[in-house]
Amino acid sequence: MPLRDENVVTISFAGYNRAWASWIAERLEQHGLRVVLQRWDVTAGGSVQQGLDDLLLSEGRVLMVLSEWYFRLGNRSQEEWNEALRVTLPRDSERFAAVAVTPGPLPVADMLDAAELWGQDAAEAERRLLSRLGVTSAPDPDASPGRGRSRFPLDRPAVWGGVPRRNPRFTGREALLAQLYEELSQAEPGAGVVTLLGLSGVGKTHIATEYVYRFGPEYDVVWWARAAERGTLREKLAGLAPALGLVTGREYGERLRAVRDALRRGDPYFRWLLVLDGADQPEDVHDLVPTGPGHVLITSQNRDWGEHNSALIEVPVYDRDESVAFVRRRAPRLDDADANRLAEALGDLALALDQNAGALNDSTMPVDEYLELLRHGTDAEPGLTVAADFQMTYYTAFSILLNRLREDNPEAVDLLRLCVFFAPGPLPVRMLRDTPIPDMPRQLSGLMSDPLLWEAAIGKLNQWSVVQSDPGQAGSADAGSTEVIQMHRLVYQAVRNDMREEERAVYSRAVRGILAAADPGRPTDARLWPRYAEIVPHLEASRSLRSTDPQVQATVLNCLRYLYLSGEYRSGVQIAETVAEEWGDRPLPDDSRWWDLIHHRANLLRATGDYSATERLDRVALERLQAAGPESEWAALRAAGDLAADLRSLGKYQEALELAEFARDGYAELFGPDDSRTLSAQNNIAVSYRLLGRYSDALQLDQETMEARRSLLRDRHNWTLSSENSFAHDLRLLGRYEQATSVQERNSEAHRSVLGADHPQTLRADHNLALCYYRSGDQPRAGDLLARLLERSERVLGAGEPLTVGISVSLAGFEREHGDLDRARDLCEVALRTYRLTLSPGHPYNAGTLANHGLVQAAVGEFGQALGELEEALDSMTRAVGAEHPWTLGCALNVAGLRRRLSYTGTAADLSRGTAEKAAARLGARHPLTLACRIEQAAGLRNLRRLGEADDIEKKALSDLAETLGSRHPQTVAARARTQPYWDFEPFST
């Protein structure tokens, strides 16, 4: 902790009370103290205790300038303050002092023994301040504080006119106020002009007002003038003449000239601040802006002030934390969640938040109902609450703005009308400019074909802060291709509401044409996914989902295909369901687009785990297409492949294999053995082989498919990478761990490079890699990767998604053996619950996960319950996949081991012997699972006192383990130590 220095004082203050802090600092510096100003700010993630501890890191004493605003920051409760002070004051009371600068009582002022400065004159306030700090020295007449002359905050400047009342609900904007202060205070004489620039309703006037109250004591003159019209501004500026004590004639022109001359000379007052509010027409009033040693603060929607020697500070909408805090103050009946939803609906626009929160607070309407009205564009204007200083709703403000644009540049309004049939958010200019529109509205034909008209329209919208335009990286070759424009969602709504229905039909049709023309036509090519990512958000807003135009429908279907392949499953399901509703549900057999929709919809639903729904869809599709005859043969083959995928997910592996083989043979006959569709069907056969435990068959077929895809597509195509992942998976299941790891490390790296780290296919590849590490004995890397994978999958896909559940099952097994048993139990129980809710009781995943849970129970000493679960898992798995499936053999290994441990020696030995024989026949004599079964068989024989036979089997198994896995592999080491072998179930991604 820093040493205490009696000559140093750190002043802690809320930004709202900066004027007090500056005055206090100056008075203390006059008495020879060194002062540090530190704004108090407790963030949403911080605490009062942490804030106080941070203050104690300052050198010297800490003086807290207390007001309601000091305690409002972070919405901290009085109890939190009390608790923090009870901890801090007893040990550091001599370092804290406080003054109160508010008329009302404060929650902890007594605990801090705060000196009351409010309501006193400057002399008495200074005496109380110095007494509280124990300062007895006389002021130094030669001291010259570096902060300038600060006026006592309760004394107004000598000249004060037209300033609005301070907003007691002003929230946030600290960084912007600091930037504004720095810009003005560091400006050269005659150049102190700053414009707060932003959309109507964003809060420019309130920021300017707050600036005046915070920093007004540093000025001798503060004069506020409405500047919307030249005549009004001239009148207000001329009114400053008598306030300055200037002797002039009665004519406006003479008084105005005198004012401008006095301000320029800084006589009679050198420090002056002039605020020009609402100066939206700089060409009309820029010549009235005075120069001199003082400062001019302008608020405007018009960025043309940059052409008139003014610095520009963009005023954005609120940060979300600021929005929530503001709404909570405006409407105390709303909680944080409701305030957040209102802020989201209104795009964090200050004026809209103020008016809608006021309306909500004054009514008893449920928040959900009110938000639903806003969401559907219902006219809520009559119920809005307007303030005395801005007596119009934001609807009216935007209407005025649109009328002004219509007069200045009609093409700009036409462009806005086109833009509102895209979704709110960034809109790529390239999509508008470079895409031919087949059905161009007459109003837009000139605008889109004439670069000068286009630039003028965009420039006008930028000028009035209606849109934000980002031209991309200046100087880069593709800057034009990355330019985007964006408008606030409430402007978007206002423009759309301003249009007649027939106008909406014209412009929405044009946007649908743009989207269809922008479709690259190859959703399977990952390199083109960024183009589809640009199109998808606009399908709903442009009414593309209900279109009957074949070209637009084809684009919608391509987007669904892209959403599935890119892993955006939930968004894809939502769009597919909407399209199915719009298109109707009784397609003709030759309606190829409808069957495409069924295919994409089923793929997306299956990816989210809704297997029963997809089976119903695909069975009906297959039956109807097969009945339709040869003209629907290709669509029927695709439906067969889809149904096979459903059956695999439902645990009906043999039926799935038969359908996949039927589809593969049909594709080969129609398109040839090397066609991409044939290879996809062949890939699915390998998946069925893997699920049926036919690992060698799966390996052979996956290798063939991988090599064929490399020739047909390319090495880094996403389908080729998927085949390579399957190939490595097969190697791992066959016990070829080192080879599998080598292949999968390259494959995972390629996935991250091509598809990105959070793509579901990349997550599957990394899951495979983590298990390769685990099986090959690299436990640290396996555990770290599994833990990170689960977090990524939960974030990207969701906690209940099939891939996430599969990863959690793997991590549970790792934690059971090498980590936290409680976490292992929790993960396993959640997975078991999820599978029981989403899969049939007889599904093998239920049996396998129950077996894993039984191992956890045994690990914590619940042997009776563990044996019951393991026996049940073995029975269920046998019924589901047969007695010789590797999964069943693994379940049997677990049961035999626990039976032996509980002294059921006879049944344990019989079961272990039979399991070892079946494993050797199914997987081979040197497969790791077979060898684990041999180790367990030897242990069972040893319990029966058949020691010679046990030693022979164990010796052979240990030798084979050392040769296949290595003498230091964890499985070899455990077998040598006669640790009970086990098998973990691993759900496969289907």
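This report describes the overall build of one protein chain, its nonpolar cores, its largest cavity and a few individual residues.

The structure is a predicted model, in which local features need pLDDT of at least 70 and side-chain atom pairs count only at pLDDT 80 or more, whereas totals for chains, interfaces and linings use all residues. Residues are numbered from 1 along each chain as its sequence is written, and side-chain values use heavy atoms, with hydrogens and water left out.

## Overall build

The secondary structure of the chain comes to 45 helices and 14 strands, where helices (H or I, at least four residues) and strands (E, at least two) are DSSP runs numbered from the N terminus. Taken along the principal axes, the C-alpha atoms fill a box of roughly 120 × 75 × 55 Å. Of the 990 residues in the chain, 55% are buried; buried means under 20% relative accessible area, exposed over 50%, and partly exposed in between, with a 1.4 Å probe and protein chains only. Among the contacts with a separation of 6 or more, 68% are between residues 24 or more positions apart, a contact being heavy atoms within 4.5 Å.

## Nonpolar cores

In soluble globular proteins, nonpolar side chains tend to be buried together. A nonpolar core is here a set of buried Ala, Val, Leu, Ile, Met, Phe, Trp, Tyr and Cys residues joined through side-chain atoms within 4.5 Å. The largest such core has 231 residues, and the members that touch the most other members are M64, L342, L418, L432 and W887. Helix α41 (residues 886–901) gives the largest share of this core, with eight residues. A second, separate core holds 25 residues, including A241, W272, V296 and W305. Leaving aside neighbours within four places in sequence, L342 is in contact with V327, L334, L353, N356, A357, L360, Y370, L371 and L374.

## The largest cavity

The structure holds five cavities of 30 Å³ or more, and the largest of them has a volume of about 80 Å³. On a 1 Å grid over the protein atoms alone, a cavity is a set of points where a 1.4 Å probe fits but cannot get out, and lining residues have an atom within 4 Å of a point; grid points are joined across faces, edges and corners, and a volume is the space filled by probe spheres set on the points. The lining of the largest cavity is made by C419, A423, P424, G425, L427, V467, I485, Q486, M487 and Y492. Strand β14 (residues 484–487) supplies the largest share of this lining, three residues. By class, the lining has eight nonpolar, two polar and no charged residues, where Ala, Val, Leu, Ile, Met, Phe, Trp, Tyr, Cys and Pro count as nonpolar, Asp, Glu, Lys and Arg as charged, and the others, Gly among them, as polar.

## Individual residues

The table lists four residues that count as buried, with their relative accessibility and their place in the chain.

| Residue | Relative accessibility | Place |
|---|---|---|
| V9 | 3% | strand β1 (residues 8–13) |
| R173 | 6% | loop between β6 (159–161) and α6 (174–185) |
| S310 | 8% | loop between β10 (295–300) and β11 (311–314) |
| T762 | 0% | helix α35 (residues 760–776) |

V9 and L28 are 19 residues apart in sequence, and their C-alpha atoms are 8.5 Å apart in space. Not counting residues up to four places away in sequence, V9 touches L28, L33, R34, V35, V36, R61 and L63.

The side chain of S310 makes a polar contact with the side chain of T195 at 2.6 Å; a polar contact is a pair of N or O atoms within 3.5 Å, of which, within protein, one must be able to donate a hydrogen and the other to accept it, and residues adjacent in sequence count only if both atoms are side-chain atoms. With residues up to four places away in sequence not counted, S310 touches V193, V194, T195 and W305.

For T762, a polar atom of the side chain lies 3.5 Å from the backbone oxygen of H751. Beyond its neighbours within four places in sequence, T762 is in contact with H751, R752, L755, G756, A757 and R792.

## Backbone features

R173 has a positive phi of about 65 degrees although it is not a glycine. R978, also not a glycine, has a positive phi of about 60 degrees and lies in the segment after α45 (970–976). The peptide bond from D267 to P268 is cis, with omega near 20 degrees, and P268 has its place in the loop between α10 (252–265) and β9 (272–277).

Note on methods:
1 Å grid on protein atoms, 1.4 Å probe; cavity = no way out; pocket = protein on both sides within 12 Å on 5 of 7 lines; lining within 4 Å.
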